[in-house]
Amino acid sequence: MTSSPLDIRPFRIDVPQEDVDDLRGRLARTRWPGDLPGVGWTRGVPQAPLQVLAEHWCTRYDWRAHEAHLNTFPQFVTTIDGQPIHFLHVRSPEPAATPLLLLHGWPSTVADFLDVIGPLTDPRAHDGDPADAFSVVIPSMPGFGFSTPLAGPGMDAARTGRILAALMSGLGYGRYGVQGGDTGSFVAPELGRQDGEHVLGVHLNAAITVPLGDEDVERLDGADRRRWERMQEYNDGYLQIQSKSPQTLAYALTDSPAGQLAWIVEMFQRLADLPADGPPEDAVDRDRILTGVSLYWFTRTAGSSAQVYFEAMNPAAWSQGPDEEATGWEGTGDGGWAPQRGTVPTGFLLSANDVTVRAFAEREHTVVRWTELDRGGHFLAMERPEAFVTDVRAFFRALG
């Protein structure tokens, strides 16, 4: 990776009108497959609610209005280690604000954080303490949105962490915090391991924790046992496909907006805090969901964003171990690899349906804060932005 100064250029989203027209035309011509009566969401996305969402996307959703809203936040692009990186960079009006890197996962985008940018950067204007102010950096993760094309295979959590550490250094931040959810919760600790000299703390939500062996599971009880059992019951079909055949999936989702919509909407319905048959727009604003789906569609990143699952889970990738530049990993003695226990102070924020097991989390991280919510789901920055902001503020405030 080059140590030369970053070439950081201003950026504005400007989707060509022919792409907007093409989207609407494809939605209007969708070939619907039909579905089985009476099964609800148990076998995937039912056709009727998907048709309603697709019709709204086609005829009433105003991409230009949401594009303009995104463009009210300062955006930039640069290239690090051959990888294009797009990011929002919103500086706080408070001179002593803490720099904070916010990392999304899949099927999320930078748009997930739109409701928390104001309260985080300008607490004085949102009934908060100006001492809790942050200047936020929100990258599109490599292979997502405008951080494309993907530079090549091997863009795992360790390499992504190095790239984002270089981004924060290039922005002139000598000390900063990191917040990550979903796949971002794998990358955020990597920054702590690799750049611990500069990372003051790591805050995680929607985090996945795993045992090293059967004996780890046998010792679980109480809430940890219940979360582990919930993880075993989870339908991981999407994960299996994206970790094994991301390129094959890309052809369908890049050609069919209804397919891309269904693929993402199913995740919102499963992972948001909803009843079994509750529509996802009961948890997250319908247009906010469609803005995220639109970013995947217009940037044609169904395939490149799915590659993160291949890098994390496919034996063809992880059996070789971390690349030669990775730090913070150690062999397990049986041919496998595991991250060393992170020493950076780490906080966990759990929604009502998260599956984070505390015993496993404490094995891998220096846990200094553990918050469990009784409401909210996987997409906390959109479902419960106030709770998200409150916990982020409290975690970093305690670190001084």
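1. A quick definition before we start: a salt bridge is a side-chain nitrogen of Lys or Arg within 4 Å of a carboxyl oxygen of Asp or Glu. Keep in mind, too, that this is a predicted model. Now take Asp216 and Arg363: their side chains meet in a salt bridge, at 3.0 Å from N to O. The two sit in distant parts of the chain, 147 residues apart, with Asp216 in helix α7 (residues 214-218) and Arg363 in helix α15 (residues 358-364).

2. Is Asp216 buried or exposed? Asp216 counts as buried because its relative accessibility is 11%, and buried means under 20%. Arg363, with a relative accessible area of 25%, is partly exposed. This pair also has company: Asp216, Arg219, Arg363 and Glu364 are linked in a network of salt bridges.

3. How many salt bridges turn up in the whole structure? A search finds 16. One of them joins Arg26 to Asp255, where the closest N and O atoms are 3.1 Å apart. Here again distant parts of the chain are linked: Arg26 belongs to helix α1 (residues 17-28) and Asp255 to helix α10 (residues 246-255), 229 residues apart. Arg26 is partly exposed, at 26% relative accessible area.

4. Arg369 and Asp391 are worth a look as well, since their side chains form a salt bridge (2.9 Å, N to O). Arg369 is in strand β11 (residues 366-372) and Asp391 is in helix α17 (residues 385-398), so this pair ties together parts 22 residues apart in sequence. Arg369 is partly exposed at 27% relative accessibility, whereas Asp391 is buried at 3%.

5. On to the annotated residues. An unreviewed UniProt entry lists Asp182, Tyr309 and His378 under "active site". From this set, Asp182 and His378 are part of the lining of the largest cavity.

6. Where does Asp182 sit? Look in the loop between β6 (176-181) and α6 (184-194). Asp182 counts as buried because its relative accessibility is 14%, below the 20% limit. Leaving out residues up to four places away in sequence, Asp182 touches Gly105, Trp106, Asn205, Ala206, Tyr309 and His378. So Asp182 is in contact with both of the other residues on the UniProt list.

7. Tyr309 is part of helix α13 (residues 302-313), and at 7% relative accessibility Tyr309 counts as buried. Not counting neighbours within four places in sequence, the residues in contact with Tyr309 include Trp106, Asp182, Thr183 and Tyr238. Trp106 is worth finding on screen: Asp182 touches Trp106, and Tyr309 is in contact with Trp106 too.

Technical notes. Residues numbered from 1 in each chain as written. Predicted model: local features only at pLDDT ≥ 70, side-chain atom pairs only at ≥ 80, totals over all residues. Heavy atoms only, no water. UniProt positions renumbered as here; feature names shortened; annotations may be inferred. 1 Å grid on protein atoms, 1.4 Å probe; cavity = no way out; pocket = protein on both sides within 12 Å on 5 of 7 lines; lining within 4 Å. Helix = DSSP H or I, 4+ residues; strand = E, 2+ residues; numbered from the N terminus. Buried < 20%, exposed > 50% of the residue type's maximum accessible area, 1.4 Å probe, protein only. Contact = heavy atoms within 4.5 Å.
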